[in-house]
Amino acid sequence: MKRILIFLSIFLFSNSVSAQTCKVSGNAGTYAGDVIKVYRYTDYITKQHENLASVPVDTSGNFSFEIETDHVFEIFLDLNVFLGKLFVEPGKEFKIVLPQKTMKHESDILNPYFEQIEFYIRILHSDNNITTAVRKLDRLWNESIDIIFKDPKHINPGVVEKEIQKMTDSVMYFQNDYFEEYKY
């Protein structure tokens, strides 16, 4: 019986230690008095999502929220016309910058094909985070694809290898299991 209690207490303690808080804050004066919806996709294909928070922005434009997690995942901030993307990491604290508030036009509200403009949220005072590394890798990927397929009839294998090496070298400084899987 004593062994079972020790095992249970170790198990419960290890589970409670593994989940940590990721704190996100910022100042966005143009959103003063608004509520920003934060969610994550449960299915990227159908865009089904789970609401994580409704974040009030005070009259000075300050906002903050916390997400309890034991792993890295992508969240989205619904900013009307814009959709901000950010990767939360256990135990990290981010101070972010949001774009100036832009409202949908009436024609956008009625347009069934309207899509929000997606962007990676800029994190202040930190270049060593997954969001910045993914943004950099995505930018390099798009540039490399343009170079590789400049002349689709004559793809040079040497150029492909050179572009892959350039992407790999540019994000070599960032080591994280989630990012390594993303990069792969």
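# Working chat: a strand, a helix pair and two loop residues

Me: Where does Thr-69 lie?

Reply: Thr-69 lies in strand S4, and since this is a predicted model, what follows describes computed coordinates.

Me: Is Thr-69 buried or exposed?

Reply: Thr-69 has a relative accessible area of 3%, which is under the 20% cut-off, so the residue counts as buried.

Me: And what is Thr-69 in contact with, leaving aside neighbours within four places in sequence?

Reply: With those neighbours set aside, Thr-69 is in contact with Ser-18, Ala-19, Gln-20, Glu-89 and Pro-90. In addition, a polar atom of the Thr-69 side chain lies 2.7 Å from the backbone oxygen of His-71.

Me: Which side chains of S4 point to one face and are buried, and which point to the other?

Reply: The side chains alternate along S4, residues 62-69. Phe-63, Phe-65, Ile-67 and Thr-69 point to one face and are buried, whereas Asn-62, Ser-64, Glu-66 and Glu-68 point to the other face and are not buried.

Me: In what sense do S1 and S4 pair?

Reply: Strand S1, residues 20-27, pairs with S4 in the antiparallel sense, over eight bridges, and within that pairing Phe-63 of S4 is the bridge partner of Gly-26.

Me: What is the strand order of the sheet?

Reply: The order is S4-S1-S7-S9, in an open sheet of four strands with mixed pairing. S4 and S9 are the edge strands, each pairing on one side only.

Me: How many bridges join S7 and S9?

Reply: Two bridges join strand S7, residues 93-97, to S9, and the pairing is antiparallel; Ile-96 stands opposite Ile-123 of S9.

Me: Switching to helices, how far apart are the end C-alpha atoms of H3?

Reply: They are 26 Å apart, and because the 19 residues of H3 (residues 130-148) should span 27 Å at 1.5 Å a residue, the two values agree.

Me: What caps the N-terminal end of H3?

Reply: Asn-129 does, with a side-chain oxygen that lies 3.1 Å from the backbone nitrogen of Thr-131.

Me: Which residues of H3 are buried, and what covers them?

Reply: The buried ones are Ile-130, Thr-131, Thr-132, Ala-133, Val-134, Leu-137, Leu-140, Ser-144 and Ile-148. Their cover includes strands S6 (82-88), S8 (117-120) and S9 (122-123), together with helices H4 (157-170) and H5 (177-183).

Me: At roughly what angle do the axes of H3 and H4 cross?

Reply: Those axes come within 10 Å and cross at roughly 170°, which means that H3 is roughly antiparallel to H4.

Me: Which residues meet there?

Reply: From H3 there are Lys-136, Leu-137, Leu-140, Trp-141, Ser-144, Ile-147 and Ile-148, and they meet Val-159, Val-160, Glu-163, Lys-166, Met-167 and Ser-170 of H4. Among these H3 residues, Leu-137, Leu-140, Ser-144 and Ile-148 are also buried.

Me: New topic, the loops: what is phi of Lys-47?

Reply: Phi of Lys-47 is near 65°, a positive value in a residue other than glycine. Most residues other than glycine have a negative phi. Lys-47 lies in the loop between strand S2 (35-43) and strand S3 (48-56), and its relative accessibility is 41%, so Lys-47 counts as partly exposed.

Me: What about phi of Asn-80, and where is that residue?

Reply: Asn-80 likewise has a positive phi, near 70°, in a residue other than glycine, and its place is in the loop between strand S5 (73-79) and S6. With a relative accessibility of 22%, Asn-80 counts as partly exposed.

Note on methods
Residues numbered from 1 in each chain as written. Predicted model: local features only at pLDDT ≥ 70, side-chain atom pairs only at ≥ 80, totals over all residues. Heavy atoms only, no water. Expected span 1.5 Å × (residues − 1). Buried < 20%, exposed > 50% of the residue type's maximum accessible area, 1.4 Å probe, protein only. Contact = heavy atoms within 4.5 Å. Polar contact = N/O pair within 3.5 Å; in protein donor to acceptor, adjacent residues only side chain to side chain. Pairing = 2+ DSSP bridges. Axes fitted to C-alpha atoms, helices over the stretch in contact; angles between N-to-C directions. Parallel < 35°, antiparallel > 145°, perpendicular 65-115°, else oblique.
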